[in-house]
Amino acid sequence: MPEFGRIRKEFCLDVLKGLFLILAFSWLFYDSFYAIPFLLPILVPWRRECRASRRQREEEQFQKSFREWILLLSSSLSAGYSVENAMAQSCEELSMMFPREDRMRGELRSMLAKMENQQSPEVLLQEFADRQSSEEVKSFVEVFCTARKSGGSLNAIIRSTASQMAEIMDTRREIRTLLASKIYEQKIMTVMPAAVLLYVRIGSGAFLEGLYHTPGGVLVASVCLLLYFGAYLLGKRMVQFEI
């Protein structure tokens with residue numbers, strides 16, 4: 001039920017934002033709210049875009065939490081804790097580092113609850129890795145389970161793996177930081193055409209009288225709006241990279 005409530009809240013918020021955007025476009029490009037029914041299909045890609053952006057933010061937060069968790073787990077194992085106690089300790093420390101609820105903490109609490117029912121950490125971690133798409137998670141769990149089964153130096157193996165994972169994630173974070181300026185520029189360029197049109201509309205509305213309420217003006221406005229959407233999609237694709 002809490003998950004359903006969260007999804008419903010996100011859906012309502014996305015729809016409200018989309019309706020506000022449609023109202024703005026109707027006024028800016030057509031000076032008429034009669035255009036709203038024709039612009040309602042925008043809600044479909046808008047909702048998809050909002051979900052993709054939200055998933056990306058959640059994945060970035062998950063990667064950050066996972067990176068910190070494996071370092072905390074490595075420290076706890078080095079201090080002499082058993083695997084079960086190390087996982088519990090690392091979960092508590094992670095909660096102090098990230099007070100806000102996230103996916104990683106939810107996964108850890110679920111694993112700790114199942115361990116109280118005598119389920120092995122290897123099985124729980126494998127199930128955890130199966131639910132994730134991150135290659136770092138799958139690699140770490142594979143190394144962890146192999147070390148436990150082979151009876152090798154678990155502390156040293158996990159510490160070495162955790163260090164390597166942290167370096168990889170740090171490199172990815174640096175790349176995202178370098179791309180952040182380009183993404184910010186793309187967002188500014190997305191807003192600028194509408195901002196310029198708003199400025200002209202408010203400051204010198206007479207220049208736009210020929211654009212509104214005539215068949216030719218509606219056609220020109222529609223073409224400009226399509227070009228605007230096309231430029232937005234092209235610009236967004238240009239700054240999207242798989243890291």
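**Notebook: two loops and helix H7**

I started with aspartate 31, which lies in the loop between helix H1 (2-30) and helix H2 (36-39). Helices here are DSSP runs of H or I with at least four residues, strands are runs of E with at least two, and both are numbered from the N terminus.

Before going on, I noted that this is a predicted model, where local features need pLDDT of at least 70, side-chain atom pairs count only at pLDDT 80 or more, and totals for chains, interfaces and linings use all residues. Residues are numbered from 1 along each chain as its sequence is written, and side-chain values use heavy atoms, with hydrogens and water left out.

Back to the loop: phi of aspartate 31 is near 50°, a positive value in a residue other than glycine. Most residues other than glycine have a negative phi. I also looked up its exposure: aspartate 31 has 27% relative accessibility, so it counts as partly exposed (buried is under 20% relative accessible area, exposed over 50%, partly exposed in between, with a 1.4 Å probe and protein chains only).

Next I checked glutamine 118, in the loop between helix H5 (103-115) and helix H6 (121-130). Glutamine 118 is not a glycine either, yet has a positive phi of about 70°. At 72% relative accessibility, glutamine 118 counts as exposed.

Last came H7: which of its residues are buried? I found Glu136, Val137, Phe140, Val141, Phe144, Cys145 and Ala147. Down the axis of H7, these buried residues fall within an arc of 160°, so they line one face of the helix (the arc is that of the directions from the helix axis to the C-beta atoms). On the other side of H7, I noted Glu135, Glu142, Lys149 and Ser150 as exposed.
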